[in-house]
Amino acid sequence: MSNAPGTMARPSRPRRRRLPLLTVTAACSVAATLALSTTSAAVTPLTATATYNCGSWGSGLATLTAADGASGKTIKITSTAITMPPGTSADPNSITTTLKLTKTSGGVTSEVRFSGKTNPGMSGGSPISLGPLKLTTGTLAAGDTTNSVVLPSPPGAANWSLQIVASSPTSATVPCVATANQSAAFVW
């Protein structure tokens, strides 16, 4: 083939292969699902209630709020029925809290513990707000359930489901026993 004088030959372009839009959409959807499933997990329900006897700190309903995210598995405990006794106080992040829960995995029951030293400043009569407490003992896999460790009253040094250790400015170790199962077990 010859070119006429004054005209240039067009360079040949490679043929591009076009993917159908449906294929591209499906690939993006799968990638997004995989990215989300590896970075976050869900726990249900997000909140449950349980009753605790904490001796001089009071007895009654507490709300447990669970989370399973980038920072790990956590539970926060709040209660207006369980309060710091009159004449006591706690500085921010001065209370070490440990929560025992019964774990059921594949029909096998064991125990896990959540612990931490996270609290706002509190004074006598203040409702408790403890955590979030991180999973520190045991493991939890998808589908495992956790529930209160129900124990007989009175709470004591060797008989506790929840232990609150205040260190500043008031020093106190407060054992608590769960007196009933949670309103709903957490499913991790």
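The following paragraphs describe aromatic contacts and charged contacts between side chains in this structure. The model is predicted, and residues are numbered from 1 along the chain as its sequence is written.

The aromatic side chains are a suitable place to begin. The structure holds two aromatic pairs. One pair joins Phe-114 and Trp-188: the ring centres lie 5.9 Å apart and the planes meet at 25°, so this pair is stacked. The reasoning rests on a cut-off, since planes under 30 degrees apart count as stacked. Where do the two partners sit along the chain? Phe-114 belongs to strand β6, which covers residues 108-116, while Trp-188 is found in the segment after β12 (186-187). The two residues are 74 residues apart in sequence, so their pairing ties together separate parts of the chain.

Are these two rings buried or exposed? Phe-114 has a relative accessibility of 0% and therefore counts as buried. Trp-188 has a relative accessible area of 5%, and it is buried as well. The limit applied here is 20%, because a residue under that value is called buried. Phe-114 and Trp-188 also share an aromatic cluster with Phe-186.

A further aromatic residue, Trp-160, has a charged neighbour. Lys-100 lies over the face of Trp-160, at 4.1 Å from the ring centre.

Charged side chains also meet one another. How many salt bridges does the structure contain? The count comes to three. In one of them, Lys-73 is joined to Asp-68, with the closest N and O atoms 3.3 Å apart. Asp-68 has a relative accessible area of 13%, so this residue is buried.

Another salt bridge links Asp-144 with Lys-103, at 3.8 Å from N to O. Asp-144 is located in the loop between β8 (127-137) and β9 (145-148), whereas Lys-103 is located in strand β5 (residues 95-105). These residues are 41 residues apart in sequence, so the salt bridge ties together two parts of the chain. Asp-144 is buried, with a relative accessible area of 5%, and Lys-103 counts as buried at 11% relative accessibility.

There is also a salt bridge between Glu-111 and Arg-113, whose side chains meet at 3.1 Å, N to O. Which surroundings do these partners have? Glu-111 has a relative accessible area of 35% and is therefore partly exposed. Arg-113, at 27% relative accessibility, likewise counts as partly exposed.

Note on methods: This is a predicted model: local features need pLDDT of at least 70, side-chain atom pairs count only at pLDDT 80 or more; totals for chains, interfaces and linings use all residues. Side-chain values use heavy atoms; hydrogens and water are left out. Rings of Phe, Tyr and Trp (its six-membered ring) pair if their centres lie within 6.5 Å; planes under 30 degrees apart count as stacked, over 60 as edge-to-face and the rest as tilted. Helices (H or I, at least four residues) and strands (E, at least two) are DSSP runs, numbered from the N terminus. Buried means under 20% relative accessible area, exposed over 50%, partly exposed in between (1.4 Å probe, protein chains only). A charge sits over a ring if NZ of Lys or CZ of Arg is within 6 Å of the ring centre and within 35 degrees of the ring normal. A salt bridge is a side-chain nitrogen of Lys or Arg within 4 Å of a carboxyl oxygen of Asp or Glu.
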